[in-house]
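Welcome, and thank you for taking a look at this one with us. Please keep the sequence and the 3D view open side by side as you read.

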Amino acid sequence: MRKSYSSFEEIKYDLEVLKLKKDIHYHKVFRAVDNIKTELSPDRVVRNTLGSVTSYVKGSSNIQAFLITTALKYFFKNRTKNK
């Protein structure tokens, strides 16, 4: 459906509205990309992973908690030796 314009002011107004909509969408996309970069940064990924493991350990039984913490200590100990 095509819109009919009766004056240049209407055209100018619609063009301004479209430009503002374009700018808003551009800023939304730019902000979303920044959020993705922040969420996928290495320190954030490690923090989220360790937070998940910690909450799982706190909710598990004593034997499970002991086994998980022992496995993590072993993993980090061997990782630091290899570097």
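## Overall layout

Which pattern does the protein chain follow when read along the sequence? The answer is α-α-α. This is a predicted model, and its protein chain has 3 helices and 0 strands.

How much of the protein chain counts as buried? Of its 83 residues, 6% do. The chain exposes about 8,000 Å², and 64% of that area is supplied by carbon and sulfur atoms.

## An aromatic pair in helix H1

Let us turn to the rings. The structure holds 1 aromatic pair. Its members are Tyr 26 and Phe 30, whose ring centres lie 6.2 Å apart with the planes at 20°, so the pair is stacked. The reasoning is short: planes under 30 degrees apart count as stacked, and the angle here is 20°.

Where do the two residues sit along the chain? Both belong to helix H1, which covers residues 8–39, and they are 4 residues apart, about one turn of the helix.

Their surroundings can be described too. Tyr 26 has a relative accessible area of 52% and is exposed, because the cut-off for exposed is over 50%. Phe 30, with a relative accessible area of 46%, is partly exposed.

## Asp 14 and its contacts

Another residue worth finding in your viewer is Asp 14, also placed in helix H1. Is Asp 14 buried or exposed? Its relative accessibility is 17%, so Asp 14 counts as buried, given that buried means under 20%.

What does Asp 14 touch, leaving aside residues up to four places away in sequence? The answer is Lys 3 and Tyr 5. With Lys 3 there is also a polar contact of 3.0 Å, which joins the two side chains.

## A nonpolar patch on the surface

Tyr 5, a contact of Asp 14, appears again in a nonpolar patch on the surface. Which residues join Tyr 5 there? They are Phe 8, Ile 11, Leu 15 and Leu 18. Together, the five patch residues have about 540 Å² of accessible area.

Leu 15 makes a good place to start exploring the patch. This leucine is located in helix H1, and Leu 15 is exposed, with a relative accessible area of 53%. Helix H1 thus offers several things to look at in your viewer: the buried Asp 14, the exposed Leu 15, and the pair formed by Tyr 26 and Phe 30.

How values were computed. Residues are numbered from 1 along each chain as its sequence is written. This is a predicted model: local features need pLDDT of at least 70, side-chain atom pairs count only at pLDDT 80 or more; totals for chains, interfaces and linings use all residues. Side-chain values use heavy atoms; hydrogens and water are left out. Buried means under 20% relative accessible area, exposed over 50%, partly exposed in between (1.4 Å probe, protein chains only). Accessible areas come from the Shrake-Rupley method with a 1.4 Å probe; for residues, only the protein chains shown count as cover. Rings of Phe, Tyr and Trp (its six-membered ring) pair if their centres lie within 6.5 Å; planes under 30 degrees apart count as stacked, over 60 as edge-to-face and the rest as tilted. A polar contact is a pair of N or O atoms within 3.5 Å; within protein, one must be able to donate a hydrogen and the other to accept it, and residues adjacent in sequence count only if both atoms are side-chain atoms. Contact means heavy atoms within 4.5 Å. Patches are made of residues with over 30% relative accessible area and no salt bridge: like charges are joined within 9 Å, nonpolar side chains (Val, Leu, Ile, Met, Phe, Trp, Tyr) within 5 Å. A salt bridge is a side-chain nitrogen of Lys or Arg within 4 Å of a carboxyl oxygen of Asp or Glu.
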